[in-house]
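User: Please explain how the descriptive terms applied to this model are justified. I should like each label set against its criterion.

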Amino acid sequence: MSADEIIDIVDENDRVVGQSPRGEAYARGLRHRCAFVLVRDARGRVFVHRRTATKLVFPSLYDMFVGGVVGAGEGYDEAALREAEEELGVRDLPRPAHLFTFLYDDGAGRTWWSAVYEVRCERPVRPQAEEVAWHAFLPEAEVERRLGEGEWEWEWVPDGVAAYERLRAWRQGRPGGSVGSSA
């Protein structure tokens with residue numbers, strides 16, 4: 001999505017209250033919707049990548065999710081599949097499984113409803129050069145180690161870390177987000 005593409009603006013209950021160009025929504029701190037997709041390969045490893053320096057939000061940081069902003073009138077499920085296929089460079093990916101939705105808010109004007117998904121990709125990936133500067137499939141224990149020991153601590157996207165922490169809590173049956181779909 002470019003900064004000019006139109007996205008839905010939503011309220012604290014994830015109801016659409018307007019629309020805005022994406023760049024303006026970021027600049028004004030308008031709440032919108034995003035899809036996060038944890039991608040695993042055939043061996044169960046997690047796709048980790050470094051975002052390009054040209055990204056509007058969190059440039060050059062590492063992420064354990066692919067995904068992005070939900071377009072105007074688009075549902076979370078459609079956005080999750082579209083974003084995963086685009087960023088991975090894979091067609092006919094299985095539909096990502098929705099796990100939960102939560103409100104991300106960093107308290108500094110970055111706030112979005114975040115639908116978290118998981119999908120298995122058993123095909124070779126060809127990540128989108130405009131989105132992904134580096135990538136690898138890492139064992140989940142390696143992702144946990146890099147998060148826990150702070151090896152990449154200051155380089156991870158903060159919304160991805162928040163989603164991953166909630167995913168860990170969700171897997172353990174602890175409250176971590178709103179279970180179920182919001183769209």
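User: Which helices and strands each supply at least two residues of the lining of the largest cavity?

Analyst: In this predicted model, helix H1 (22–28), strand S3 (32–40), strand S4 (46–51), strand S6 (66–69) and helix H2 (76–88) each do so. The cavity has a volume of about 310 Å³. Of the 24 residues lining this cavity, the closest to its centre are Tyr26, Arg51, Gly67, Gly68 and Val69. By class, the lining has 12 nonpolar, four polar and eight charged residues.

User: What makes the aromatic pair of Phe47 and Phe137 edge-to-face?

Analyst: The ring centres must lie within 6.5 Å, and planes over 60 degrees apart count as edge-to-face. Phe47 and Phe137 are 5.4 Å apart centre to centre, with 65° between the planes, so the pair meets both criteria. Phe47 lies in strand S4 and Phe137 in strand S9 (residues 132–138), so the pair ties together parts that are 90 residues apart in sequence.

User: Why are Phe47 and Phe137 called buried?

Analyst: Buried means under 20% relative accessible area. Phe47 has 1% and Phe137 has 16%, so both are buried.

User: Why is the pair of Phe100 and Phe102 called tilted?

Analyst: Tilted applies to planes that are neither under 30 nor over 60 degrees apart. Phe100 and Phe102 have 40° between the planes and 6.2 Å centre to centre, so the pair is tilted.

User: How do you know that Gly107 is exposed?

Analyst: Exposed means over 50% relative accessible area. Gly107 has 68%, so this residue is exposed. Gly107 is found in the loop between strand S7 (97–105) and strand S8 (111–120).

Definitions and conventions: Residues numbered from 1 in each chain as written. Predicted model: local features only at pLDDT ≥ 70, side-chain atom pairs only at ≥ 80, totals over all residues. Heavy atoms only, no water. 1 Å grid on protein atoms, 1.4 Å probe; cavity = no way out; pocket = protein on both sides within 12 Å on 5 of 7 lines; lining within 4 Å. Points joined across faces, edges and corners; volume = space filled by probe spheres on them. Helix = DSSP H or I, 4+ residues; strand = E, 2+ residues; numbered from the N terminus. Nonpolar A, V, L, I, M, F, W, Y, C, P; charged D, E, K, R; others polar. Buried < 20%, exposed > 50% of the residue type's maximum accessible area, 1.4 Å probe, protein only. Phe/Tyr/Trp six-rings, centres within 6.5 Å; stacked < 30°, edge-to-face > 60°.
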